[in-house]
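Reader: Could you take me on a close look at the ligand site in this model? I would enjoy a connected account of the surroundings of the ligand.

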Amino acid sequence: MKKLIAGNWKMNGTAQEAENLVQAIAKGIDPALLSQSELLVCPPFVHLQMIGKVLDKRIALGAQDCSVDENGAFTGDISAAMLKQLGVQYVILGHSERRTLRGETDETVARKAALAHKHGLITIICVGEKEDEREKGIEKDVVGRQLGASVPSSANSANTVIAYEPVWAIGTGKTAMPADVQDMHAFIRKKGGNLRILYGGSMKPENAGELLKTPNVDGGLIGGASLKADQFLSIAKS
Ligand code: PGA
C-alpha cells in the first residue's frame, strides 16, 4: 500500500504563503513519487476554501479539527458537514496540542470522529504518550487507553487512520528510536487491525527513510517540515 504523507500546517502561513506552498509541492510531484506515496495537506481552516480551488488534484485536502457538535449555537466552531461541503477529505482529530492545550478528552475525540465519519470524512486520530509516561514505561497503557476511547465504533480501514505521535517528539527535533516506533506500531496494529498507522514527531528528510521503512509505519504526519515544499517532497520520496 502507498504511504500517506500528511502535512499538518498548524496555525502557520498567510493565504499567499499557503498558495505558494501547495503550488511548489505540486510542481515537485513526479510519477515515481506518486507510485509510492499519497500526499495530503492540512492548512488552517481559513485557507481551506482557497486551497481547495487551487490544489493539484493529486494532493488531498484535510482540516486540523472539527466541532464535536453537528450544528447550532457553538461560537467559533466549524462542523464536519461544513468541511465536507468545501471538498475537504480528511480531518486530524485529537492532536496532542489540542489534547494538552485545549483540554480535549478521548471522549470528545470519539464524538468528533463519529460525526466526521457520518459526513464522509476520513479521520486521522492522533495518539501518543508524554515524556514522563515513557520514562515510567507506561506508554502502551496510555496509547492503548487512547485508542480504546478515542476511536468510535464507526471506524474502519476506509475512514480512519491512526497517527502515533509521541508528545515529546513533536516540534522538538527529538525522534523516537526506530525500535520503539516498530514496537509501538506493532502494538497499535494488534489493536487497530488494518487501519493505516502514521508516525509523527519531528519527521524530516534526514530520518524519514528509516522511519517509513519500519514495519507497520504506513506514512507520516509532518508538522514543521511540511511548511517547506522541498522538505515535504523529499520525505514523500524517501
Ligand atoms: P512536527 O509536528 O513534525 O513539527 O514534530 C508533527 C505533528 O504535530 O503532527
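Author: Happily; here is the ligand site, followed by two of its loops and a helix pair. This is a predicted model, in which local features need pLDDT of at least 70 and side-chain atom pairs count only at pLDDT 80 or more, while totals for chains, interfaces and linings use all residues. Residues are numbered from 1 along each chain as its sequence is written, and side-chain values use heavy atoms, with hydrogens and water left out.

Around the ligand there are 13 residues (a residue counts as near if one of its heavy atoms lies within 4 Å). The closest are Lys 10, His 95, Glu 165, Gly 171 and Ser 202. By class, the shell holds four nonpolar, seven polar and two charged residues (Ala, Val, Leu, Ile, Met, Phe, Trp, Tyr, Cys and Pro count as nonpolar, Asp, Glu, Lys and Arg as charged, and the others, Gly among them, as polar).

Now for the polar contacts (pairs of N or O atoms within 3.5 Å). A side-chain N or O atom of Lys 10 is 2.7 Å from a ligand oxygen. The backbone takes part too: a polar backbone atom of Gly 171 is 2.6 Å from an oxygen of the ligand, and a backbone N or O atom of Gly 223 is 2.8 Å from a ligand oxygen. On its own the ligand has 280 Å² of accessible area, and the protein covers 95% of that (Shrake-Rupley method, 1.4 Å probe).

Lys 10 sits in the loop between β1 (3-8) and α1 (helices are DSSP runs of H or I with at least four residues, strands runs of E with at least two, numbered from the N terminus). Most residues other than glycine have a negative phi. Lys 10, however, has a positive phi of about 55°. Ser 202, in the loop between β7 (196-200) and α10 (205-212), also has a positive phi of about 55°.

Notes. A polar contact is a pair of N or O atoms within 3.5 Å; within protein, one must be able to donate a hydrogen and the other to accept it, and residues adjacent in sequence count only if both atoms are side-chain atoms.
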